[in-house]
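Q: Could you take me through the assignments in this model and show, for each, which value and which cut-off lie behind it?

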Amino acid sequence: MKALVLAGGTGTRLRPITHTSAKQLVPVANKPVLFYGLEAIAAAGIIDVGIVVGDTADEIVAAVGDGSRFGLKVSYIPQSKPLGLAHCVLISRDFLGEDDFIMYLGDNFVVGGVEDSVREFRAARPDAHLMLTRVPEPRSFGVAELSDSGQVLGLEEKPAHPKSDLALVGVYLFSPAIHEAVAAITPSWRGELEITDAVQWLIDAGRDVRSTVISGYWKDTGNVTDMLEVNRLVLETTEPRCDGLVDERSDLIGRVLVEAGAEVRNSRVMGPTVIGAGTLVTNSYVGPFTSLAEDCVVEDSEVEFSIVLRGASISGVRRIEASLIGRHVQVTSAPEVPHAHRLVLGDHSRAQISS
């Protein structure tokens, strides 16, 4: 069995971060989102991985390499422009051959991994196996309709009137039958080959399409709110450790990870929090659910529930929260200016000014 990992999207919902960085490499708890998916694939016993890459190919290749660090053998499949998930399957035909495969969206995060779903698929070998999760607002997702036995009856992409609350998770398992389906469908109104159309083709052709409703946590980390939520979730599992330097005037409270080369001086750090290698925190407060990447500086400031990327500095800022701060960003306090009121008052006016 092989894996097809999709890492070619542009990440428009994470701009401006993704103007200069691949969305799949934005870190969660100081580790790129893509790495969690690759680790889940390796844990499921899959070795051969094809990664579909686009404009950010050089950055993805530099980060992942040949995959050996994950126990994987990685090949790269270029996609000239994003033309849909089914198009990714179409251009990966030579890599996939006649093997079963798991398709994993590189910016998705699935707590609990995919081992159970892979095991279930291998045992039953349906033509397709979908991972589903219940969502409060199904109109924002691809939605599946199931029979009482769990067989997939139909799929709808962002329906106005959903037939269920079961959304498609960005993980799919396919037999080679999917190749016939992607070759048979036509582009949607978006000009893309939709994987939901390909799976629907299998259903209409009477093929065996099954599903698993996962109980674990799933997020598409496509926007800042979801990134911060996944960061919070991962940090909840942080084990406290201090490999850096913390002076006697500082307090580390709760699950705080201070990586080697980091320094904390005259500061208070509330976990769960991770402070990356080479980062300096001085005269500051770092609150829960904050990830400071490597080589950052936080001085005379307060930061909480935020992700701060490599090389950023925050100086003299009273409070930052629920923020995503990019690489090598400088955040400083604004210079003080004289306080004054500028008025144009007509005759016989009355003005009350609180000074």
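A: A strand is a DSSP run of at least two residues, a helix is one of at least four, and both are numbered from the N terminus. The model is predicted, and its chain comes to 8 helices and 30 strands. Proline 272 falls in the loop between two of these strands, E19 (268-270) and E20 (273-275), and the peptide bond that leads to proline 272 from glycine 271 is cis, with omega near 5 degrees.

Q: What makes the pair of phenylalanine 101 and phenylalanine 174 tilted?

A: A search of the whole structure finds 4 aromatic pairs. In the pair of phenylalanine 101 and phenylalanine 174 the rings are 5.5 Å centre to centre, with 50 degrees between the planes. Rings pair if their centres lie within 6.5 Å, and planes count as stacked under 30 degrees and as edge-to-face over 60, so a pair at 5.5 Å and 50 degrees is tilted. The two partners come from distant parts of the chain, phenylalanine 101 from strand E6 (residues 101-105) and phenylalanine 174 from strand E11 (residues 166-174), 73 residues apart.

Q: Why is the pair of tyrosine 172 and phenylalanine 174 called stacked?

A: The ring centres of tyrosine 172 and phenylalanine 174 are 6.0 Å apart and their planes lie at 10 degrees, which is under the 30 degrees that the term requires, so the pair is stacked. Phe101, Tyr172 and Phe174 form one aromatic cluster.

Q: Are tyrosine 172 and phenylalanine 174 buried or exposed, and how do you know?

A: Buried means under 20% relative accessible area; tyrosine 172 has 6% and therefore counts as buried, and phenylalanine 174, with a relative accessible area of 0%, is buried as well. Phenylalanine 101 is also buried.

Q: Why does serine 211 count as buried, and why does aspartate 295 count as partly exposed?

A: Serine 211 has a relative accessible area of 15%, which is under the cut-off of 20%, so serine 211 is buried. This serine is found in strand E12 (residues 209-213), and, leaving aside neighbours within four places in sequence, serine 211 is in contact with Glu120, His129, Leu130, Leu132, Leu146, Gly150 and Val152. Aspartate 295 has a relative accessible area of 45%, and since partly exposed is what lies between 20% and 50%, aspartate 295 is partly exposed. Its place is in the loop between E23 and strand E24 (297-299), and its phi is near 60 degrees, a positive value in a residue other than glycine.

Q: How do you know that helix H7 is mostly covered?

A: Helix H7 (residues 195-204) has 10 residues, and 7 of them are buried, namely Ile195, Thr196, Ala198, Val199, Gln200, Leu202 and Ile203. Just after H7, glycine 206 takes a positive phi of about 80 degrees. Over the chain, 50% of the 355 residues count as buried.

Q: What makes lysine 2 and lysine 31 cases of a charge over a ring?

A: The distance part of the definition asks for NZ of Lys within 6 Å of the ring centre. Lysine 2 lies over the face of phenylalanine 95 at 4.9 Å from the ring centre, and the charged end of lysine 31 sits over the ring of tyrosine 36, 4.4 Å from its centre, so both distances satisfy the 6 Å limit.

Q: Which residues line the second largest pocket closest to its centre, and how does its lining divide?

A: The second largest pocket has a volume of about 290 Å³. Of the 14 residues that line this pocket, Leu25, Pro27, Pro32, Glu294 and Arg310 are the closest to its centre. The lining divides into 7 nonpolar, 2 polar and 5 charged residues, and strand E3 (31-32) and helix H2 (57-64) each supply at least two residues of it.

Q: Where is phenylalanine 289, and which residues does it touch?

A: Phenylalanine 289 has its place in the loop between strand E22 (285-286) and strand E23 (290-292). Not counting residues up to four places away in sequence, phenylalanine 289 touches Asn231, Arg232, Leu235, Glu236, Pro272, Thr273, Phe305 and Ser306; contact means heavy atoms within 4.5 Å.

Definitions and conventions. Residues are numbered from 1 along each chain as its sequence is written. This is a predicted model: local features need pLDDT of at least 70, side-chain atom pairs count only at pLDDT 80 or more; totals for chains, interfaces and linings use all residues. Side-chain values use heavy atoms; hydrogens and water are left out. Buried means under 20% relative accessible area, exposed over 50%, partly exposed in between (1.4 Å probe, protein chains only). A charge sits over a ring if NZ of Lys or CZ of Arg is within 6 Å of the ring centre and within 35 degrees of the ring normal. On a 1 Å grid over the protein atoms alone, a cavity is a set of points where a 1.4 Å probe fits but cannot get out, and a pocket is an open set with protein on both sides within 12 Å along at least five of seven lines; lining residues have an atom within 4 Å of a point. Grid points are joined across faces, edges and corners, and a volume is the space filled by probe spheres set on the points. Ala, Val, Leu, Ile, Met, Phe, Trp, Tyr, Cys and Pro count as nonpolar, Asp, Glu, Lys and Arg as charged, and the others, Gly among them, as polar.
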